[in-house]
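Colleague: Please take me through this structure, starting with the empty spaces.

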Amino acid sequence: MMNRFLSEAFRARPTETRNQGQRSPLVVTLDRRSAPRTIFSGDRLIDVDLPAGTRAVYPRQPLEPLKDVDAAIRYALNHPYGSDPLHAKLRPGMKVVIAVDDISLPLPPMRAPDVRERVLTIVLDLLANHGVDDFEIIIATSLHRRMTGPEVRHMVGAKIFDAYWPKRLYNHDAEDPKGMKEVGTTDHGEVIELNRKAVESDLVIYVNLNLVPMDGGHKSVTVGLCGYKSLKFHHEPHTMRRCHSYMDAGTPGASELSTRVNRMGRVTNKALNVFTIETTINNRMFDRPLEFLHKNEDDLSGGEQSALKGLKFALDALPQGARQAIFDRVPSPYGVTGVFAGETEAVHARTLARCDEQYVVPVEGQADILIAGVPYISPYNVHSFLNPLLVQVMAQGYLFNCYRNAPLVKKGGTMIITHPCSDRFDREHHAPYVEFFHNLLPETRDAAVLHKKYEEKFASNPAYIQMYRSGHAYHPAHPFFMWYWGEAGRQWLGKTIVVGADNAYVPKILGWETARTMNEALEMAKGNTPSPEITLLHMPPILMADVSGAPPIANPGHTNGAMTNGHGAEA
């Protein structure tokens, strides 16, 4: 049955080739002749007919990928920034730890070969050529769930997986009492505790795949290989309230999260010998059958319009699992656009510059109303359902924060999202989320209260910790972090309205209003503004709005809360 619907969806698949150049304006003002916009609502696509004058902001076309990725990797290792070449750091008998980003990126997973496989292959050959045979490969999961064998095989390739899994290639365990070791403390009292193998090694090589600007840099080792003891210093509500933008990592003071991670990372890099390898990819999220989802709806060819109509028909007709399978069965053909290696901060500066080339879209002024479709996937639900807490993360955490300089929506404005908000959780991956959502949020949505009253107790729950260590569950502290992740959006927005919720319970718990249609939501959002300015953030693929012409934000990085000591207490 599913194949029949897929055939209908893709029967009129376009045959034209992909144009890497930017063919259409990135910011489009809709008029009465404009086609309806097609946006995600979970694992469905819906059409929304928006008022004339609405601005639709689109992602850039994919950057041209590197022609020879392996050559670029070798060049980066031999011509690093702020560091000796990797080969000069190697000697027989040394202990090496190679840490690698986990399944939380890219989204969706990258078509094989994943760039991490390509980097690992070349690094392992280099180690062998220099007599280094004492090495381990650690998947830097922090408090994320453990990756499964098949997931690791896809990421690192069959050859590396078969040779080293699970003894020399394994998931980081932040709750192993013998597996963690303190590195030091910052001058702000922040304790750095990391994976013992990495701390006691002669060299740590970190292999990063950079999806968005908040990834990579000091966040790789200092967060990826840490545990709750360190993470609680920056994954807490007061830090999040002081973030002007999570994604504006290159602007000093814009992200308090980045400020604290960098401070801890510098202590880490003084104690450990770290060689950073970062890779960037383009935003080619959709392969040929779905490539038209990247385009302005007014630019679709006849064949693409038919394909889109067939896809929407299939998604509406199929059950949820089959709908998600339509997207899962087409891996993302991301192209590698950059490889940079060497000292962490020098490398990350180049990475951020390349990310800006792909993601940054200039936007003039802010809107009264911001509209965004919430898709079916986030960094925390790969191969599972996007539960209500993660819908909140995507809306008020990630989509709201896809900006630099100033938010796309004015202070006190309204965000309208589209998503069914189903009351559904994956009991294997997200077991701690269920209790957090159904027992704690009905009592209070105040992140500071949740942090002070419940977080420590939850984080030490032995049953949940066992599920994290031996199963594939997120750490029990993780649902708290997910709620804090939406804190900057909640502090800025006047209200959030969800269109298309299949129940009233979940939006009420989240503090959101509901509307049956987009027109109803727009009427609710108008308030006393007869002609509000409306902006549609047309994602995915990823974009970063570079907002100009907005009122300055006082004291960037300290906009929404008092100075704190990292534990939530005011200094």
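Modeller: First, a convention: Ala, Val, Leu, Ile, Met, Phe, Trp, Tyr, Cys and Pro count as nonpolar, Asp, Glu, Lys and Arg as charged, and the others, Gly among them, as polar. The model is predicted, with local features needing pLDDT of at least 70 and side-chain atom pairs pLDDT 80 or more, while totals for chains, interfaces and linings use all residues. Residues are numbered from 1 along each chain as its sequence is written, and side-chain values use heavy atoms, with hydrogens and water left out.

Colleague: How does the lining of the largest cavity divide by class?

Modeller: It has 29 nonpolar, 13 polar and 5 charged residues. A cavity is a set of points, on a 1 Å grid over the protein atoms alone, where a 1.4 Å probe fits but cannot get out; lining residues have an atom within 4 Å of a point.

Colleague: What volume does the largest cavity have, then?

Modeller: The largest cavity holds about 740 Å³, a volume being the space filled by probe spheres set on grid points that are joined across faces, edges and corners. Its lining has 47 residues, and S104, L105, D215, P379 and Y398 are the closest to its centre.

Colleague: How many cavities of 30 Å³ or more are there?

Modeller: There are 6. The second largest has a volume of about 110 Å³. It is lined by 14 residues, with T38, F292, L293, E297 and H538 closest to its centre. By class, that lining has 10 nonpolar, 2 polar and 2 charged residues.

Colleague: And the largest pocket: which residues lie nearest its centre?

Modeller: They are A249, G250, S258, N262 and H348, out of 25 lining residues. A pocket is an open set with protein on both sides within 12 Å along at least five of seven lines. The largest pocket has a volume of about 430 Å³. Its lining includes 9 nonpolar, 12 polar and 4 charged residues. The largest share, 6 residues, comes from α10; helices (H or I, at least four residues) and strands (E, at least two) are DSSP runs numbered from the N terminus.

Colleague: Changing topic, in what order do the strands of the open sheet run?

Modeller: The order of the 3 strands is β13-β20-β15, with parallel pairing; two strands pair if DSSP finds at least two bridges between them. β13 (360-364) and β15 (403-404) are at the edges, each with a single partner strand, so one side of each has no neighbour in the sheet.

Colleague: Over how many bridges do β13 and β20 pair?

Modeller: β13 and β20 (residues 544-548) pair over 5 bridges. Among the residues involved, V360 has M544 of β20 as its bridge partner.
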